[in-house]
Structure formats: C-alpha cells, structure tokens
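Grab a coffee and work through these short exercises with the model open beside you. Try each task before reading its solution.

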Amino acid sequence: MIVIEGVLNEIKENLFRLSSDEAKKSAAKFVPTANKIYGVRLPGINALAKKYKEHGFPLIEALWQSGWYEERLLVAKLLTSNCRNDPERTLELLKRFKDDIDNWAVCDTLCSEGIRPLIKKHGDEVQSLAEEFLKSDKMWVRRMGIVMLIHFAKIPEKKAKVRQLVAPLAADHEHYIKKAIVWINRYLDK
C-alpha cells in the first residue's frame, strides 16, 4: 500500500501541475455536474494513464476513492489497459463505482472505453450487467447501462435485443438519459 500511496501523491502532483483555470472553466461548462475539478485537459489524463497503467487494480481502486473528476477519468483510462487481466474484478468495480457517478464524462468513459476490451470475450457478462443497471432508480446508473449497450448496438445480430432493452427508457424524462437514448439510436439505426 505504501507504493500506491507514493504513486497517488505523484499523480496528484502531476494533476496540479497540468491544471489550468481555463481548463477548469471548460470542464465546469461542459460537464456541469462534475465535482472537484482540477482543470486538466484530456491529453494530460491520457499521458498519465499511459505512464501509470502497470500499477493496475490497486491504483484504480485508490484513485476512485478521491472523488476528483480527473482522477475518475484516469480510472476509466486505466481500466482500458487492465480489464483483460481480471474481467470479473472489472465488472465488480463497475458495480461498486456506479453509485458514485455524478457526471456524463466519467460515466461514458468508464462504460465505453473502460470496458471495450471485454466485449469480445465477456460480452454476455457485460450485457447482463447493463440490463441490471437499466432497471436502477438512479439516473447515472441507467445511463451506464445504456452506454454499455452501445457496444452491442454496433453488432447487427444484437440490435433487436438492444432495442428491446432500451425501449422502456424512451419515455424517461431525465436529460442525460434522453441524450444517451439518442446516442444509442444512432448506432441502432445504422
């Protein structure tokens, strides 16, 4: 744990160094529900993900605890590099993280990029988890389910099932659910 604490401190120092008021204002504008923003642009987060990917799940779990917007985006990027190493742990982490989601950017990055490498070999488990999330009374969890299903909306033989699963959400009044439905329908209509 001492090693991870050192890495966490190093990451935080890098995030503060990479931050700017302009980026912070931009994030607050485009991701208005995000809390605790450093103000780091995506290329900086991507560089940190590349640098620290070998620290795996201990770092992923420790970073998530902070609640900072950029640290959670970094978690999603790190999952992309590590999810194949332990698919079951990855899906369990999504279940643990789901109630902490407070913005579309972390939600979408986690459920699109973060788990993309699992779709080919563990698609059934991902789809099952997405179905569970769609039934949640929490808006961000429902959005997670929709975004996870976008992976399957691109597969011709899965489109009918995805349509069936998201159909009940077509009448959802939440802004971020409506936007996710528009997004997934673009793939379903191709």
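**Exercise 1.** Work out why the sulfur of Cys83 makes no bond with the closest cysteine sulfur.

*Solution.* Keep in mind that this is a predicted model. Start with the partner: the closest cysteine sulfur to that of Cys83 sits in Cys111, 12 Å away. Now bring in the cut-off, since a disulfide needs two cysteine sulfur atoms within 2.5 Å. The gap is therefore too far for a bond. Next, try Cys111: its nearest cysteine sulfur belongs to Cys107, at 4.9 Å, and Cys111 is in no disulfide either. Searching the whole structure turns up zero disulfides.

**Exercise 2.** Decide whether Cys83, Cys111, Arg72 and Lys36 are buried, partly exposed or exposed.

*Solution.* Buried means under 20% relative accessible area, exposed means over 50%, and partly exposed is in between. Cys83 has 0% relative accessibility, so call it buried. Cys111 is at 0% too, so it also counts as buried. Arg72 comes in at 10%, so this arginine is buried. Lys36, at 41%, is partly exposed.

**Exercise 3.** Place Arg72 in its helix and list what it touches beyond four places in sequence.

*Solution.* First find helix α5, residues 69-82, which holds Arg72. Then skip residues up to four places away in sequence: Arg72 touches Trp64, Gly67, Asp100 and Val106.

**Exercise 4.** Find the loop that holds Lys36 and check its phi.

*Solution.* Look between α2 (21-30) and α3 (42-52), where the loop with Lys36 lies. Its phi is positive, about 50°, although Lys36 is not a glycine.

Terms used. Residues numbered from 1 in each chain as written. Predicted model: local features only at pLDDT ≥ 70, side-chain atom pairs only at ≥ 80, totals over all residues. Heavy atoms only, no water. Helix = DSSP H or I, 4+ residues; strand = E, 2+ residues; numbered from the N terminus. Buried < 20%, exposed > 50% of the residue type's maximum accessible area, 1.4 Å probe, protein only. Contact = heavy atoms within 4.5 Å.
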